[in-house]
Amino acid sequence: MLDRLKASYLFYPVLIVLALFSVDSFAHGVDDTTRDYLQSISGIEIIPFMYIGAKHMVTGYDHLLFLVGVLFFLHRTRDVLLYVSMFTVGHSITLMTGVLADIQVNAYLIDAIIGLSVVYKGFDNLGGFKKLCGFQPNPKAAVLIFGLFHGFGLATKIQEFGLPSEGLAANLLAFNFGVELGQFLALMFILLVINIWRRHASFQRFSSVTNAALMSAGFMLIGYQLTGYFVN
């Protein structure tokens, strides 16, 4: 019973906090102040774009839920760095390419795929692929591929504002650096919580419930985004 309470206090608040964002957060929304600023800028604005990138990642709980799934069973620092690097490379490529090459992708469909990435990782952590298919897809390749889609999700938001071409590349680099900074800060918190929880017997006992909760959150994201796609 004590282990169950510790599990609840240590980890489930993370999922609850991530779930209690506004509807705008579901859609990767941008607050009015940021929106007005992005629509009024001209030239290179390094610090503001770094801030916006960091803020987007810290409040972008679909990205964070995916990372929770990726990191959930990783014990070694080397593995954490490897998987996070794969994710970073993936979303950095499509963020920069998507905006600079003006690759138009429907934001609702991309966000639905991001929701699918959360479902995928929860299912993978539960051993679903081994039980259902008899094998496990390459987890590193999966993180890289889904990282590419997460990057397109970031790109679609930037594209909505029609930023001027002057200083665009530099501003995007600053935004991407801010995303990595926000990701680093979020990962520190996530890893701290998971590592503390691992010390208790409840970690293994409730790991299945936690990953099932991740899958449920992913399905909610998919449903929300597909509804937005068909309604709008």
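How are helix 6 and helix 12 oriented to each other? The two helices are roughly antiparallel to each other (an angle over 145 degrees). This is a predicted model, in which local features need pLDDT of at least 70 and side-chain atom pairs count only at pLDDT 80 or more, while totals for chains, interfaces and linings use all residues. Residues are numbered from 1 along each chain as its sequence is written, and side-chain values use heavy atoms, without hydrogens and water.

**Helix 6 and helix 12**

- The axes, lines fitted to C-alpha atoms over the stretch in contact, come within 11 Å and cross at roughly 150°, with angles taken from 0 to 180 degrees between N-to-C directions.
- Helix 6 passes helix 12 in a left-handed crossing (the near helix is turned anticlockwise from the far one by less than a right angle).
- Tyr-61, Asp-62, Leu-65, Val-68 and Gly-69 of helix 6 make the contact (heavy atoms within 4.5 Å) with Leu-214, Ala-217 and Leu-221 of helix 12.
- The residues of this contact comprise six nonpolar, one polar and one charged; Ala, Val, Leu, Ile, Met, Phe, Trp, Tyr, Cys and Pro count as nonpolar, Asp, Glu, Lys and Arg as charged, and the others, Gly among them, as polar.
- Eleven of the eleven residues of helix 6 are buried (under 20% relative accessible area, 1.4 Å probe, protein chains only), so helix 6 is largely enclosed by the rest of the structure.
- Helices are DSSP runs of H or I with at least four residues, numbered from the N terminus.

**The largest nonpolar core**

- A nonpolar core is a set of buried Ala, Val, Leu, Ile, Met, Phe, Trp, Tyr and Cys residues joined through side-chain atoms within 4.5 Å.
- Of the 48 residues in the largest such core, Phe-49, Phe-66, Leu-71, Val-99, Leu-163 and Phe-175 touch the most other members.
- Elements giving two or more residues to this core include helix 5 (46-59), helix 6 (61-71) and helix 12 (202-231), and helix 11 gives the most, with ten residues.
- Beyond its neighbours within four places in sequence, Leu-163 is in contact with Leu-38, Ile-41, Phe-49, Ile-158 and Leu-168.

**Two loop residues**

- Pro-164 is found in the loop between helix 10 (139-159) and helix 11 (168-198), and is partly exposed (from 20% to 50%) at a relative accessible area of 31%.
- Leaving aside neighbours within four places in sequence, Pro-164 is in contact with Ile-41 and Ser-42.
- Asp-102, in the loop between helix 7 and helix 8, has a positive phi of about 55° although it is not a glycine.
- Asp-102 also counts as partly exposed, at 48% relative accessibility.

Key:
Parallel < 35°, antiparallel > 145°, perpendicular 65-115°, else oblique.
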